[in-house]
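New to this one? Here's a quick tour, starting with the overall layout and then zooming in on a few spots worth a look.

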Amino acid sequence: MNRSVLDFWVGIFVAIGIGALLFLSLKVGNLSSAHMSESYVLQAKFDNIGGLKVRGPVKSAGVVVGRIADISFDSKTYEAVVTMNIDGRYRFPKDTFASIYTSGLLGEQYVGLDVGGDEKMLNPGDVIAKTQSAVVLEKLISQLVFSKASEGQQQK
Amino acid sequence: MPDLLSPIRRLGHATTERIWRLGFATRFFFLLLLQSGASFRRIHLTIREIFVSGVLSLLIITVSGLFVGLVLGLQGYETLQRYGSTEALGILVSLSLTRELGPVVAALLFASRAGSSVTAEIGLMKTTEQLKAMDMMAVDPIARVVAPRFWGGVISMPLLAALFSAMGVLGGWLIGVVFIGVDDGAFWSQMQSSVDFRYDILNGVIKSFVFGVAVSLIAVFEGYDSVPTAEGVSRAITRTVVTSALAILALDFVLTSFMFRGTS
C-alpha cells in the first residue's frame, strides 16, 4: 500500500481532532483531577437537604475531599439519605459532624464535614450520626418576622 | 369545478411527494449501511473524503471557533461583572461550548461547507450520467460514491466539533485572561471543577456524532435524489443546507432534553 500526500493531511487532521479532544478532557474537564480511584462511601441522613445536588462537593476545612454520589429518600424515617464518595486518602473520626452549607450567599450547596476528636475512625460504608440540615432561608425570615410581631404585641 | 379542487389536489400531491421521499430516504439509508463494508475495505476512498470534508473545513472551523470564544468571553464578562463573579467566566465559556455551541455551530458550518459540496458533486455525477455508467459496469454507485462520502463526513464531524470547542475555550481565555485580566488560575480551576468529562464533554461528542450522521445522510441523499439538470442540482444544494440546519437544531433539542434533564 503506497502512502500518499492525502494520507499525510488526513493524519494531521485526525491528530488535531484527537488533540482537541484531549485538551477538552484534560484541561477543560476534570479527567486529570478525577484521580479518586480509591474512594470509599460514607452516608449521612438529613432532615432537609435544601438544594443539594448529586455530584456536588464534600468539603472539610474548605478542601474538597469527595463528591456526592447519590441522594435518596428514606420512607421509614422520612429523611434524606446522602451517599458520598470520599477520597481514600482521607479518613475521618467517628464523631464527625456533617452539615449542609452554602458557598457564598447564592452559591451552590455542599456537605461540610466538621471533624470531632474521637480516636476511632469511620469505616467505609458507615453512616455519619450527627448531621445538621440545610438552612432554609424562608424559615429564618419567617422566624424573624414572627418574633418581631410578637414583640410588638407585648409592648402594647 | 376543477378550479376549486386544484389547490386541494396540489396539497395532496405535495404531501404524498414528501412521504414518498421520506420512505425513499429511509430505504436509501439502509442500502447505504448495507453497502458500507466496501468503504472500509477500500479505505483510501474514505480517506479521500475525510480530506475533502474534514481537512478542508479546518480553517473555517478553527477561525469561527476562535471568534465565537472571543465573543462569549466579552459578553460573558460584561454580564458576570455585574454580579462580581468574573472568575466564573471559564465555566460559562467552556460549558456553553462543549454542551451546545461546539457541536451545533460546527455542524451548521460543516453542513454549509462540506455537505453542500458533497451534494453538488453527487448531483453533477448524476447529471453527467456517471452514476448510470457505474451501474452499467456493475459497480454499485452507492458503495463506490455515496458510502465513502457519508462515512468521511461522519468521521470528520466529531473531530471538527472538538476542535471548535477547544478553539472557543482558547478564545475565551484570550479575552478573559490576557486582555481583560481575569485571574488565570481561577479561570482554569473553576472550569475544571465544574466541567465533567462524561456529563459534558462526552455528551457533546455524542451530539456531534449524531449531527455528523444527519448532515452526511441529508447531503448524500439530496445529491443522489436530485433532478439531473443544472437547476435541479442547485435546488438540491439549497435543500441540503436548509434541511441540515433544521435537522441539526431539532435534533439538538431532542438530544439536550434526553441528556441534560435537570440533574445538575
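Chain A holds 2 helices and 8 strands. Reading from the N terminus, the order is α-β-β-β-β-β-β-β-β-α, with the strands sitting between one helix and the other. Keep in mind that this is a predicted model, so the notes below start with how confident the predictor is about chain A.

**Confidence in chain A**

- The mean pLDDT of chain A is 82, and 88% of its residues score at least 70.
- Confidence peaks in strand β4 (residues 79-87) of chain A, at a mean of 89, and it is lowest in helix α2 (residues 137-155) of chain A, at 80.

**The sheet in chain A**

- The 8 strands make an open sheet with mixed pairing, and the order across it is β7-β1-β4-β3-β2-β6-β5-β8 (chain A).
- At the edges are β7 (127-128) and β8 (130-132) of chain A, each of which pairs on one side only.
- Strand β6 (residues 109-114) of chain A has β2 as one neighbour and β5 as the other.
- With strand β2 (residues 57-60) of chain A, β6(A) runs parallel, and 2 bridges join the two. Here Lys59(A) is opposite Gly112(A).
- With strand β5 (residues 97-102) of chain A, β6(A) runs antiparallel, and 6 bridges hold the pairing. Along this pairing, Phe97(A) stands opposite Asp114(A), and Ile100(A) faces Val111(A) in the same way.
- In general, strands of a sheet pair through backbone hydrogen bonds, whether parallel or antiparallel.

**How chain A packs, and where it meets chain B**

- Of the 156 residues in chain A, 21% are buried.
- Take the contacts in chain A between residues at least 6 apart in sequence: 64% of them join residues at least 24 apart.
- On the interface, 21 residues of chain A are in contact with 26 residues of chain B. The chain A side of it has 13 nonpolar, 5 polar and 3 charged residues.

**The nonpolar cores**

- The largest nonpolar core has 73 residues, and those with the most contacts inside it include Ala107(B), Leu160(B), Leu163(B) and Val215(B).
- Elements giving two or more residues to this core come from both chains: α1 (5-28) of chain A, plus several helices of chain B, among them α3 (43-53), α4 (58-82) and α8 (184-194).
- Helix α7(B) supplies the largest share of this core, with 20 residues.
- Apart from this core lies another one, of 18 residues, including Ala80(A), Met84(A), Ala98(A) and Ile100(A).
- As a general point, nonpolar side chains tend to be buried together in soluble globular proteins.
- Back in the largest core, Val146(B) is another of the residues with the most contacts inside it. Leaving aside residues up to four places away in sequence, Val146(B) touches Leu32(B), Ile122(B), Pro141(B), Val220(B) and Tyr224(B).

**A glycine in helix α7 of chain B**

- Gly152(B) lies in helix α7 of chain B.
- Gly152(B) counts as buried because 26 other C-beta atoms lie within 10 Å.
- Its contacts, not counting residues up to four places away in sequence, are Thr46(B), Glu49(B), Ile50(B), Val52(B), Ser53(B) and Gly54(B).
- Gly152(B) and Val52(B) are 100 residues apart along the chain, but their C-alpha atoms are separated by 8.4 Å.

**Helix α10 of chain B**

- How far should the 30 residues of helix α10 (residues 230-259) of chain B span? At 1.5 Å a residue the answer is 44 Å, and the end C-alpha atoms are 43 Å apart, which agrees.
- The buried residues of α10(B) are Val233(B), Ala236(B), Ile237(B), Thr240(B), Val241(B), Ser244(B) and Ile248(B).
- Among the elements covering these buried residues are α5 (89-127) and α9 (197-224) of chain B.

**Two loop residues with a positive phi**

- Tyr78(A) isn't a glycine, yet its phi is positive, at about 55°. Tyr78(A) is in the loop between β3 (63-74) and β4 of chain A, and it counts as exposed because it has 8 C-beta neighbours inside 10 Å.
- Glu129(B) isn't a glycine either, and its phi is positive too, at about 60°. Glu129(B) is in the loop between α5 and α6 (130-136) of chain B, and its 12 C-beta neighbours inside 10 Å make it exposed.

Technical notes
Residues are numbered from 1 along each chain as its sequence is written. Chains are lettered from A and ligands numbered from 1 in the order in which they are written. Two strands pair if DSSP finds at least two bridges between them. Helices (H or I, at least four residues) and strands (E, at least two) are DSSP runs, numbered from the N terminus. Two residues are in contact if their C-beta atoms, placed from the backbone, lie within 7 Å. Ala, Val, Leu, Ile, Met, Phe, Trp, Tyr, Cys and Pro count as nonpolar, Asp, Glu, Lys and Arg as charged, and the others, Gly among them, as polar. pLDDT is the predictor's confidence in each residue, from 0 to 100. The expected span of a helix is 1.5 Å times one less than its number of residues. A residue is buried if 20 or more other C-beta atoms lie within 10 Å of its own, exposed if 12 or fewer, and partly exposed in between; C-beta atoms are placed from the backbone. A nonpolar core is a set of buried Ala, Val, Leu, Ile, Met, Phe, Trp, Tyr and Cys residues joined through C-beta atoms within 7 Å.
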